[in-house]
Amino acid sequence: IFDKRLDLLLNVRPNPYVTASQFWATTELNKIHYGNAYIYIETDKKTGYPKALWQLPAREMEVWIDNAGILDSNDAIWYIWTDIRTSKRYYFAKEEILHFKSQFTFDGLMGMSIKDILKTQINTNKHAEGFLNKFYRSGMFGSKVAVFYPGVIEKAKEHEIVRNLESFSSRTTSGKFIPIPLGWQAQTLDMKLTDAQFFENNKISALQLAAAFGIKPNVINDYSKSSYNNSESQQLDFYVNTLQPLFKSYEQEMTSKLLRVDEQQSGMRLCINEKVLFKMDSKTQAEVLTSYLTNFGMTVNEVREELDLPYIENGNKLLGNGNAITLDKAGEQYKTSIKEVKE
């Protein structure tokens, strides 16, 4: 079912100032950054149909539950927007607001922002970066030699011993041999990032980052455990595990707020077209569409629609092989043949 009014509103220009691409990109960004995105539905007072969609600042919105029935409705949800420029407050019923939440929510009313979810991990990464900087400054890369000796030596003597050992190792024998007095002991100190599991910890943070956004690691170019045979399988997995839950949340919210109750009860739904994610090459597309067309799967006009071609007259009929029969009629052709033989 195609609705030109909603099609223009959702897919072309939601309001006079932005295009649909800009509008939905901003909506998704607000949802991820703040955990919630709010859209006011402006309706036509004459017809009651949606007229325009307006984004409201997520930081300035509050969600109230009227459990006391103060606003003439028990347990109703109200959206309160405080305009920080004028300090004026606006009240919206839940039917007037499209509310898109992140996938993380404890009460089903308000979503959590990704930055709050990743706050702990971000702090860990900051400490890891500080550890690496300190590692560079202290010169701990590579092997070091610690010299142990019994007794007590004055500070001046200690510095003199260090200078003599460094001079001897760097100029005399290229560091292969270092002579030390009798009773002294030399031991190698070697601190590596592998010992601190630095890279393993960074890999874990990448996995946690992908999990917070609901995506697979390969989307952020982490292919360490990727097992996909081709890009099509990877794209299908991205749709099933990441985009499908997102699409469902958008579809359900828009269906419940943009369609009338009688339209919803009659079975009408707003659905996101996911076919654009699985574009086929020309040869494969031709084979698939031909199979649908010749097996009563699609009409000529439906095939032409897939190819972005205009409809033609008398193109809404299903075509197929005339030899095909329904299951309840299977075997009747043999009965007819036997009767003809007897005659």
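Histidine 33 lies in helix H2 of this predicted model. With a relative accessibility of 38%, histidine 33 counts as partly exposed, because that value falls between the 20% limit for buried residues and the 50% limit for exposed ones. Leaving aside residues up to four places away in sequence, histidine 33 touches Ser113 and Lys115. The C-alpha atoms of histidine 33 and alanine 58 are 9.5 Å apart in space, while the two residues are 25 apart in sequence.

**Helix H2**

The helix that holds histidine 33 runs over residues 20-34 and has 15 residues. From its first C-alpha to its last, H2 reaches 21 Å, close to the 21 Å expected at 1.5 Å a residue. Ala20, Phe23, Trp24, Thr27, Glu28 and Lys31 are the buried residues of H2. Seen down the axis of H2, these buried residues fall within an arc of 125°, so they line one face of the helix. Ser21 and Leu29, on the other side of H2, are exposed. After the helix comes glycine 35, which has a positive phi near 90°.

**The chain as a whole**

H2 belongs to a chain with eleven helices and ten strands. The chain has 343 residues, of which 23% count as buried. Its accessible surface comes to about 24800 Å², and 55% of that surface belongs to carbon and sulfur atoms. Among contacts between residues at least 6 apart in sequence, 50% join residues at least 24 apart.

**The largest pocket**

The largest pocket holds about 1800 Å³ of space. Its lining is made up of 38 residues, and those closest to the centre of the pocket are Cys271, Ile272, Asn273, Glu274 and Lys275. Which helices each supply at least two residues of this lining? They are helix H1 (4-11), H2, helix H7 (231-258), helix H9 (282-294) and helix H10 (300-306).

One of these contributors, H9, has 13 residues, which should span 18 Å at 1.5 Å a residue. The end C-alpha atoms of H9 are 18 Å apart, in agreement with that expectation.

**Residues with positive phi**

Most residues other than glycine have a negative phi. Several residues of this chain take a positive value, including those in the table.

| Residue | Phi | Place |
|---|---|---|
| Serine 87 | near 65° | loop between strand S4 (76-83) and strand S5 (88-93) |
| Phenylalanine 296 | about 60° | just after H9 |
| Asparagine 314 | near 60° | loop between H10 and strand S10 (318-320) |

Are the two loop residues, serine 87 and asparagine 314, buried or exposed? Serine 87 has a relative accessible area of 58% and is exposed. Asparagine 314 is exposed too, with a relative accessible area of 63%. Both residues are classed in this way because exposed means over 50% relative accessible area.

The loop that holds asparagine 314 begins from H10, a helix that also supplies at least two residues to the lining of the largest pocket. Phenylalanine 296, in turn, comes just after H9, another helix that contributes at least two residues to that lining.

Conventions
Residues numbered from 1 in each chain as written. Predicted model: local features only at pLDDT ≥ 70, side-chain atom pairs only at ≥ 80, totals over all residues. Heavy atoms only, no water. Helix = DSSP H or I, 4+ residues; strand = E, 2+ residues; numbered from the N terminus. Buried < 20%, exposed > 50% of the residue type's maximum accessible area, 1.4 Å probe, protein only. Contact = heavy atoms within 4.5 Å. Areas by Shrake-Rupley, 256 points an atom, 1.4 Å probe, with all protein chains shown as cover. Expected span 1.5 Å × (residues − 1). Arc of directions from axis to C-beta. 1 Å grid on protein atoms, 1.4 Å probe; cavity = no way out; pocket = protein on both sides within 12 Å on 5 of 7 lines; lining within 4 Å. Points joined across faces, edges and corners; volume = space filled by probe spheres on them.
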